[in-house]
Structure formats: structure tokens, C-alpha cells
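Student: Hey, I've just opened this one and I'm a bit lost. Can you walk me through it?
Tutor: Sure, let's put it up on the screen.

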Amino acid sequence: MVLADLGRKINGALKSLTAESVIDEKVLDDILREVCAALLESDVNVRLVQNLRKNIKQIVDFEELGGVVNKRRQIQKAIFDELCRLVDPGVEPYKPKKGKANVIMFVGLQGAGKTTTCTKLAHHYQRKGWKVCLIAADTYRAGAFDQLKQNATKAKIPYYGSYTENDPAVLAKEGIEKFKKEGFEIIIVDTSGRHKQEAALFEEMKQIADAANPDHYIFVMDGTIGQAADGQARAFKDAVPIGSIIMTKLDGHAKGGGAISAVAATGSPIIFIGTGEHIHDLDPFKAKPFVSKMLGMGDLGGLMETVKDMNIDKNSNIMKTLESGVFTIRAMRDQLAMISSMGPLSKVMSMMPGIPPEMAAMGEKEGGARMKKMTCMMDSMTDAELDSDAKCFTLQPTRIYRVAKGSGATVREIEEMLMQFQKFAEVIKTMGGSKGLLANMQKAQ
Ligand code: GDP
């Protein structure tokens with residue numbers, strides 16, 4: 001089951017709580033059964049699922065809790081918190097230190113995405129102003145050096161490697177010495193993998209580790225490997241002290257449950273997820289936003305980061321509307337315009353609260369066309385309508401006909417767009433209203 005489906009199923013179970021007028025042990029058991037089945041179908045390790053169930057049952061105390069609303073809230077919170085705990089080992093993620101050479105060594109099986117991810121991570125640090133370089137210590141896979149060289153050249157990142165030296169430990173040592181002398185702050189060492197876990201791989205990894213003496217080990221894991229994740233993660237953890245995990249290929253179609261299991265197996269935090277083959281397809285990972293996003297609640301944190309990177313004008317319409325404290329149609333229109341300028345559509349959309357997963361999963365072309373159409377409808381509204389919370393359309397339905405005529409859309413399409421707006425507004429409300437959103441945006445800037 002892909003992550004979006006997992007989220008939808010869990011959300012479905014949580015929503016069924018709202019329909020219950022009495023909440024007792026049986027209702028909780030039914031919900032937990034659904035949640036656990038969804039997790040198992042997503043390849044989350046059985047032991048972890050059993051623990052989650054046990055923990056939630058312990059947390060929710062029917063004797064103590066008062067009314068239905070209170071019970072509902074408690075159960076929802078307990079499930080959310082436990083899902084977060086699954087992907088968060090509660091360890092402070094590694095932070096490179098300024099003013100010294102930080103050596104980071106990548107380990108993982110062949111094909112996991114190490115070489116690709118090395119450049120992505122180097123690019124990430126480079127954008128933040130660090131002096132970064134790459135070392136190709138993968139002498140096992142033919143073409144690995146060429147691949148790293150190509151990626152590094154494209155991203156303008158200095159690299160070190162050799163076509164003739166076939167001892168990866170020597171390569172790593174030489175490269176590190178050279179870059180240390182040149183004052184590099186982050187030195188990323190790519191190592192080779194094997195098709196499967198085998199003694200030769202771990203032996204080589206240890207030799208490189210001895211030569212490189214890294215400050216940090218990053219385990220790169222293919223996020224789509226399912227049940228094998230637990231064993232694989234344990235085997236690597238036994239060989240080297242893994243500090244963090246980068247999970248690749250979580251492009252939205254991935255099952256991802258295996259990823260969750262790997263965290264528990266290593267006790268190390270996932271720091272980034274790879275969401276595509278391009279250099280920008282690396283997203284910082286944080287447990288709460290990940291779970292929120294999975295449950296369709298949007299990833300505000302991620303959105304804020306993107307907004308921060310964009311340096312949104314503080315006098316822009318969107319900021320002004322948010323400041324006024326009311327989420328208006330105009331704010332939604334501006335959000336859509338902002339999305340178009342923020343990069344790959346599907347990625348930004350999946351971070352937006354209130355955007356239905358079907359729409360976020362649409363192809364670039366289809367999603368783009370739908371957004372254009374929505375914008376066109378909003379452009380046919382009067383200023384007063386744009387600055388409203390859409391109630392005027394309920395009070396005066398003739399407005400809908402006028403906007404439909406003006407924008408060349410059908411009445412049904414306008415109604416759907418207004419429904420979409422209501423969903424948007426609802427989510428914004430649950431996140432502390434537009435003032436809360438603004439506060440978050442300002443914090444991010
Ligand atoms: P390595 O053997 O561990 O160094 O793996 P590579 O970096 O060569 O990656 C193996 C394949 O996975 C390549 O085709 C990459 O383009 C692809 N890949 C790596 N990361 C991602 C990702 O996050 N998403 C997708 N879709 N593909 C990825």
C-alpha cells in the first residue's frame with residue numbers, strides 16, 4: 001500500500017470516530033484494528049504495530065476521560081503521537097560543526113541511491129553556504145566515479161576520485177587529506193554497495209571507515225524495499241555506527257512502511273527523504289509534518305521552508321490577507337499563483353493543507369490545467385467576493401451564475417471550487433487560523 005493510501009485509511013478510521021455517539025473500548029478496538037491492518041499492509045514491522053496498539057490502549061483511559069468529545073480527541077492524539085514515535089527515535093539529528101572538516105560517510109546497498117543522494121546532500125549544504133566536496137570511494141561498481149563526477153560537475157561541487165586506484169580505503173584517505181588541506185568544511189564520502197548484504201561489503205566498509213575516520217555515517221536505504229528493511233538496517237547498524245538515515249525513492253508511489261521499520265531497527269533518525277532523481281528532490285524529514293502530510297493535513301513546515309527559500313514579499317497580498325486574520329478566496333487565489341512559481345507542482349501541492357491527495361497526485365499537466373481553471377474562476381469575481389469567506393455565494397447564489405458566465409466555467413465547477421475553498425479554510429482554521437499560519441510563516445522567514 002502506498003503512503004497516500006496508508007494515510008487515507010488511517011484518516012478514515014479516525015474520521016469514523018466522529019460518527020460515534022458513544023466511545024468505548026469496543027470502538028477503540030475497532031479503530032485500532034483498522035489502523036494496524038493498514039500499517040501491516042504498508043509493510044511496517046509486525047512487532048512495531050503490536051507495540052503501537054499496546055501503547056495506545058495504555059494511554060487511552062476510559063475511566064479518566066469525560067465526554068465523547070474528550071475521548072475522541074484523546075484517541076486521535078494518541079494515534080497521531082504513536083505514528084510520530086514510529087518514525088522518530090527521539091535522537092537529536094547530526095549537525096556539522098563550523099570551522100572544521102566534517103567527514104560524512106555514506107553506506108548502503110547497491111542501487112539504494114547513495115551516489116545520487118551524495119550530490120543531493122552536498123548541494124543542500126552548498127546552498128546553505130558550506131564549503132562542500134565529494135569523494136568517490138566506490139570502486140566496485142563500474143561507472144560509479146563517472147556518475148558522481150557528472151553530478152558533481154553539474155552542481156559545481158569539487159570532487160575527488162580515480163580511474164586507476166582500486167583500493168577504496170586509499171582513495172578515501174587521499175581525498176580527505178587533500179580536501180582538509182584546502183579548508184573544506186563538509187567532505188562527503190560515497191562508498192560502494194553490493195546487491196545484497198554480504199561479508200565482503202561489510203569488510204570493505206570497515207576498511208574505508210578506518211581510513212576515513214568519519215564524524216558521521218549516513219545509511220542510505222531504498223524506501224521501497226518493504227519487509228526486508230528491518231533486517232537490512234540492523235545488519236548495517238551492526239557493522240558501523242549509523243548516525244542517520246536517508247530514505248530514497250519515496251516519490252509518492254512508494255510503500256514506505258519499511259522505512260518506518262528501519263528507524264526502529266537502528267534507533268537513528270531519518271534526516272532526509274529522496275523524492276526523485278533530480279538534485280532538488282531531497283526533502284528534510286521531520287516526524288510530525290511527515291505524519292500530518294501522510295494523513296492529508298498538509299506539511300506546513302515544509303511549505304514554510306519553501307516559502308522561506310522564495311523570500312516572499314512581506315507586503316504581498318497573501319501576507320496582508322493572512323494578517324487580517326480571515327482566510328479569504330483571494331488568499332486561496334494567491335496561494336495557487338504562488339504554487340505555480342514554487343517548483344514542481346505535485347511536490348508543492350502535496351505540502352499544501354487542504355489540497356486533496358488526488359489533485360496533488362495529478363500529473364504536472366493535468367494539475368496545472370486544473371489550477372489555471374480555478375484561478376480563472378476567481379479572476380471573474382468582484383473584489384468584495386475575493387475578500388470574503390465565500391458566505392456571500394450561499395446568501396446570493398446568483399453570484400455563482402455570474403462568475404460561471406464570466407469565466408466560461410459551469411455552475412457545477414464553481415460550486416466545486418467553492419467547496420474546495422471551504423476545505424482549505426477548514427484546515428487553516430485547525431492550524432490556528434490565518435494568524436497562526438502567518439506567525440509560522442514569519443518564524444520561517
Ligand atoms: P547507488 O548504487 O547506491 O549509488 O545508487 P544510485 O545513486 O546509482 O541510484 C540507483 C538508481 O536509483 C538511479 O537510477 C537513481 O537515479 C535512482 N534514485 C536514487 N534516488 C532516488 C529517489 O529518491 N527517487 C527515485 N525515483 N529514484 C532515485
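Student: How many helices and strands does the chain have?
Tutor: The chain has 22 helices and eight strands. Helices are DSSP runs of H or I with at least four residues, strands are runs of E with at least two, and both are numbered from the N terminus.

Student: Anything I should know before reading residue numbers and details?
Tutor: Residues are numbered from 1 along each chain as its sequence is written. The model is predicted, so local features need pLDDT of at least 70 and side-chain atom pairs count only at pLDDT 80 or more, while totals for chains, interfaces and linings use all residues.

Student: OK, what share of the chain is buried?
Tutor: Buried residues are 42% of the 445 residues in the chain. A residue is buried if 20 or more other C-beta atoms lie within 10 Å of its own, exposed if 12 or fewer, and partly exposed in between, with C-beta atoms placed from the backbone.

Student: And what about contacts between residues far apart in sequence?
Tutor: Of the contacts in the chain with a separation of 6 or more, 73% are between residues 24 or more positions apart. Two residues are in contact if their C-beta atoms, placed from the backbone, lie within 7 Å.

Student: Let's pick a helix. Which residues of H6 are buried?
Tutor: H6 covers residues 144-154, and its buried residues are Ala144, Phe145, Leu148, Asn151 and Ala152. They sit on the same side of H6, because they cover an arc of only 135° around the axis. That arc is taken from the directions from the helix axis to the C-beta atoms.

Student: What's on the face turned away from that side?
Tutor: That face of H6 carries the exposed residues Thr153 and Lys154.

Student: And what do the buried ones pack against?
Tutor: The buried residues of H6 pack against helix H5 (114-127) and three strands: S2 (132-137), S3 (159-160) and S4 (186-191).

Student: How do H5 and H6 sit relative to each other?
Tutor: Their axes are 10 Å apart and the packing angle is about 25°. That makes H5 roughly parallel to H6. Axes here are lines fitted to C-alpha atoms, for helices over the stretch in contact, and angles run from 0 to 180 degrees between N-to-C directions. Under 35 degrees counts as roughly parallel, over 145 as roughly antiparallel, 65 to 115 as roughly perpendicular, and the rest as oblique.

Student: Which residues meet there?
Tutor: From H5 you have Thr115, Cys118 and Thr119, and they meet Ala144, Gln147, Leu148, Asn151 and Ala152 in H6. The residues of this contact of H5 with H6 split into four nonpolar, four polar and no charged. Ala, Val, Leu, Ile, Met, Phe, Trp, Tyr, Cys and Pro count as nonpolar, Asp, Glu, Lys and Arg as charged, and the others, Gly among them, as polar.

Student: What comes just after H6?
Tutor: Lys156, which takes a positive phi of about 55°. Lys156 lies in the loop between H6 and S3. With 8 other C-beta atoms within 10 Å, Lys156 is exposed.

Student: Why point out a positive phi?
Tutor: Most residues other than glycine have a negative phi.

Student: Where else does that turn up?
Tutor: Ala390 is one such residue, with a positive phi near 80°. Ala390 is in the loop between helix H18 (383-386) and helix H19 (391-395). Ala390 is buried, with 21 other C-beta atoms within 10 Å.

Student: Then on to H19. Is Phe393 buried or exposed?
Tutor: Phe393 is buried, with 20 other C-beta atoms within 10 Å. Leaving out residues up to four places away in sequence, Phe393 touches Arg399, Ile400 and Leu418.

Student: Switching topic: how do H2 and H3 pack?
Tutor: The axes of H2 and H3 come within 10 Å and cross at roughly 160°. That makes H2 roughly antiparallel to H3. Leu32, Cys36, Leu39 and Leu40 in H2 meet Val46, Val49, Arg53 and Ile56 in H3. The residues of that contact divide into seven nonpolar, no polar and one charged.

Student: And what about the loop between them?
Tutor: Val44 is in the loop between H2 (25-41) and H3 (46-59). Val44 counts as buried, with 28 C-beta neighbours inside 10 Å. Val44 and Asp230 are 186 residues apart in sequence, and their C-alpha atoms are 9.1 Å apart in space.
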